[in-house]
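Me: I've got a model open here and would like to talk through a few of its strands, a helix and a cavity. Shall we take it piece by piece?

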Amino acid sequence: MWRFVFGLCLVSWVSIAMAAEKPAADEPLCIELESIAQEIALASTLLDLEQTTHTVARSGRWSDAQTWLDGKLPTDHARVRVPRDLTLTVDTAVQPSLDWLAVEGDLTFATDADTSLKVCTILVKRGGKLRIGTSAARVNADHTALVEFLPGSFAKVPDRFGVTGGLISLGTVEVYGAEKTAFGLPTTELKRGAKSITFAEPVVGWRVGDELLFPAACRDEQDERPTIKSISADQKTIALSQPLATAHRSPELVGKPIPVGNLTRNVTFRSARTESLADRGHVILMSHVGNEIHGARFAGLGRTSAHDAHTLPELKDDGTVDNGNNPIGRYAVHFHLRQAASLAAPPQHFVGNVIVDSPKHGLVNHGSYVIATDNVTFGIHGSHFFAENGSEIGAFRHNMAVYSAGSGDPIRSRDAVYDFGHGGHGFWTQSPAVTIEHNYAFHHSAAAYSIFARPVYEFDKVVFFHRKNLPADLQAMTKSEWLSNGALPYSFAHNLSGNSNVGLELWNTNTYSEFDRDGIVEHCAFWDTHEHGIFMPYTDDSVIRDTLVLHSSTGDIGGLGIDGNQKTDRVTLERVTVAGFEIGVWIPWRGTTNVTHCRLDNRTNVRIASPVEAGRVTTLADNQFGGVLKPAIKGRCDYELLPIDFAYNGDVSVLFESDVIHLQDDRYVGQTLYFAEQLASAVPFKGDGVPQLNGKTAQQLWDELQVAIAGRLAPPQAKRDPLVRGLVGPSVTKQTTLASRETKHAGSTVLDQNLQSVSFVRGEGKASQWKVEKSSAETTKFTYVDTTPPTFELDPRIKLEIHPDDLKHGIMICGLMHDDVAGVQTCKNMLMNYHDLVPDADGFVTINYEFKDAVGNLATKEYRFKVTENAQRRGPNLNYYQQKQYSDDLSSVADGGGSCRMCRSTGLIGGLAVVGLALVGGLVYRRRRPPVG
């Protein structure tokens, strides 16, 4: 049986085809494609030119018989060829429905006439050009150009992978529709019942009959799409075909007008039928430079759906290809170069366009250099603007993205096939090097904006970012030729979002950075966020400033304002307003955090949990509390210090490391916040499995061991306050001295499965226990002697069965590893993939899953998977069980819920053969109010 290793995007179908040409006679077939040149060479053979029925004989107009060989104008089902060095000009509404059009020379459209083509596939070959207007001579505003993609292909083509059907370009595409303002900012309030709108600036090119877009910017609104009834001479005031059904506004705190988009363009690419995914066309551009798309509308395009995980093509024993029911890479508009982005070449531009009705992604930058500006997108149900693999450069600038239904699957649920951005997002980039600024995003089921710098694999190789594409100052800071996308600082500024589940997500950014450069979020506003305003898991070195984060425009309280997870590190907030949340700012569990000159008005303004790493320093200075919302929140707490907790990794010693919380505001000048357990009379440990600590007061612990929670006893002057869950008092200089974590003491510092340093050693024979030793008069050493193996809880959604066709793809074992640390139960997400599966004589595959705790205590669980035709086929999609397509329960183990409270956004994954995936599932996104129009 041939076995295959697949890539991530459209490269899959290309690589399989190439490898299948000359398979080794005696070896399994491993698919790999090394260069975009190979891909282009193969894609150029998608059509069989021997089947040509009509050939252009000389440059000329479509309607002129002399243009065609033997004077034969194309008829229905024609297969048309434009040879190299010849130009065919579409000068009319072409009536026949064409099978395909192969462009080796130039295909142009007249700019002074109404033109159209109905065709299944247009293939622009290398060196060819498709041109609809030019920068100097756009398609006249009084005329239209239409390319309509027909379903299916009437002719047999050498395309086993279902790529044809749409525009596939290996050459150059230039489109210049008439000039038109993409979206305007009104000066009049967009009230319910409004019949006319006035704009601050003339809306250039808008015409009577144009379809407009009024976004649901707040949760009690609806998207609306009326048309223009009339327009004033100065092009500032328009009358609507029908009054607005709801208001369209930003909250008073935001004070920004909501843009009104124009969805009409005079150049259109559309699918003739959209009911079935298979009937839809798509646009894919595979050349390095020269593509300029301006002023066009792309409607009903895209054959990949966000609803289910995408599928990868699979070559079967009989030589046929199974593309699955949701083939990867068929997006509405797809700049597909994989890793060809280069600052040395001019960028490709996508400007002033419209994309509507795409089942997954809208504009996709896949390894290219694309600048997308002044575009309007609507009803794109994966990600409206998407940078795919982390090697991209360019910008998403001044665009408007409205409404995505999303997949309903957790954000990380499709990691095994690297299917990202499916949840319903306005903007999603795997590459922090793509600048995101001056954009609008409304009504998204997941996050309005996501910078998701998690490495992507293509052909079982990590995709890296090339040093040459860094700014000059960053190039000087590194000698590495290739970098992880998690090493790149990001720039995110002047972006607005409303009515989305999350305002902004930052995943894995700066995690592996070699640069002394923060990621910057500035001058932004996020409102009506349902779960998080800003969520920053696995993110380091972030500065958020001059930004508004608001839970609700309707006054209800809920969600989290600014939050990360246990791996978030080094965060600065400056002049940030956070209001209306249950928790305003959750201080990171590690590193240095600064919150200064912020306005906070939430049920709990600042929440601080005990640290998971030594040396945390938090500064809370010159912040204002309350006064943002009306009416005032009842039961408000400004500073909440949670009870001490070491369940993250079970290491009690981290609680005694220095953890300083500096406090300065109008009420507390030069003060320090203390945990309640730092009070001398407090009893921090009451039966936590450490006999030397249990039942003793903080003062006794200090006197006997010179240790205190957070490294210090609170001073006698420390006081309680109605608005503080904790203590406030003057600073204390004397602190605990613990044996250094940087120096291993008899092997007492190891890494646990979260890559966290812990004071554990492996023991033999005796019961596990904590040892607390005085290393010197003022130095204490904590060591946990661990003799007990961990236990493992398989994700309950995993069924112990496998389809015979999936044996070649393998099995994922995933769940929670529980470890008892002197009575404290820790748990960690664990996974491992198993391949080369061979059924036994009873028809079962037996997996002996071995797992270790931090010190190497080994345990084994045996799982037997029945090989049966009744099992669900899922291909290489190994974490299928996290997807609603296969499971109705999306809330358990891997999504941060289940039986372990510390697994809320928990850390990295361990295992014997770590595959590098963190199964933090994210949130199951709520369905939103559907649009109107």
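Reply: Sure, and one definition before we start: two strands count as paired if DSSP finds at least two bridges between them. Keep in mind that this is a predicted model.

Me: With that cut-off, how many bridges join S46 to strand S49?

Reply: Strand S49 covers residues 599–601 and runs parallel to S46. One of the pairs puts Ala-579 with Asp-601 in S49. Pairing takes at least two bridges, and the number joining S46 to S49 is three.

Me: Which residue in S48 stands opposite Leu-573?

Reply: S46 also pairs with strand S48, residues 592–596, in the parallel sense. That pairing runs over four bridges. Opposite Leu-573 in S48 you'll find Val-595.

Me: And in S46, what is the bridge partner of Leu-548?

Reply: Here we're looking at strand S44, residues 540–550, which runs parallel to S46. Nine bridges join the two. In S46, Leu-548 has as its bridge partner Thr-577.

Me: How many of the 11 residues of strand S46 are buried?

Reply: Buried here means under 20% relative accessible area. Strand S46 spans residues 569–579 and is mostly covered. Its buried residues number eight.

Me: Moving on to the open sheet of three strands, which strands stand at the edges?

Reply: The order is S64-S68-S67, with mixed pairing. An edge strand has a single partner strand, so one side of it is left without a neighbour in the sheet. That describes S64 (801–802) and S67 (844–852).

Me: Which residue in S68 does Thr-846 stand opposite?

Reply: S67 and strand S68, residues 858–867, run antiparallel. Nine bridges join them. Across from Thr-846 in S68 is Arg-864.

Me: Now helix H4: how wide an arc do its buried residues cover around the axis?

Reply: In H4, residues 698–705, the buried ones are Ala-698, Leu-701, Trp-702 and Leu-705. They sit on the same side of H4, because the arc they cover is only 105°.

Me: Which strands do the buried residues of H4 pack against?

Reply: Contact here means heavy atoms within 4.5 Å. By that test, the buried residues of H4 pack against S61 (769–774) and S62 (780–786).

Me: Last one: how many charged residues are in the lining of the second largest cavity?

Reply: That cavity holds about 80 Å³ of space. Among its 12 lining residues, the closest to the centre are His-310, Phe-386, Glu-388, Tyr-418 and Phe-420. By class, the lining has seven nonpolar and two polar residues, and the charged ones number three.

Technical notes. Residues are numbered from 1 along each chain as its sequence is written. This is a predicted model: local features need pLDDT of at least 70, side-chain atom pairs count only at pLDDT 80 or more; totals for chains, interfaces and linings use all residues. Side-chain values use heavy atoms; hydrogens and water are left out. Buried means under 20% relative accessible area, exposed over 50%, partly exposed in between (1.4 Å probe, protein chains only). On a 1 Å grid over the protein atoms alone, a cavity is a set of points where a 1.4 Å probe fits but cannot get out, and a pocket is an open set with protein on both sides within 12 Å along at least five of seven lines; lining residues have an atom within 4 Å of a point. Grid points are joined across faces, edges and corners, and a volume is the space filled by probe spheres set on the points. Ala, Val, Leu, Ile, Met, Phe, Trp, Tyr, Cys and Pro count as nonpolar, Asp, Glu, Lys and Arg as charged, and the others, Gly among them, as polar. The arc is that of the directions from the helix axis to the C-beta atoms.
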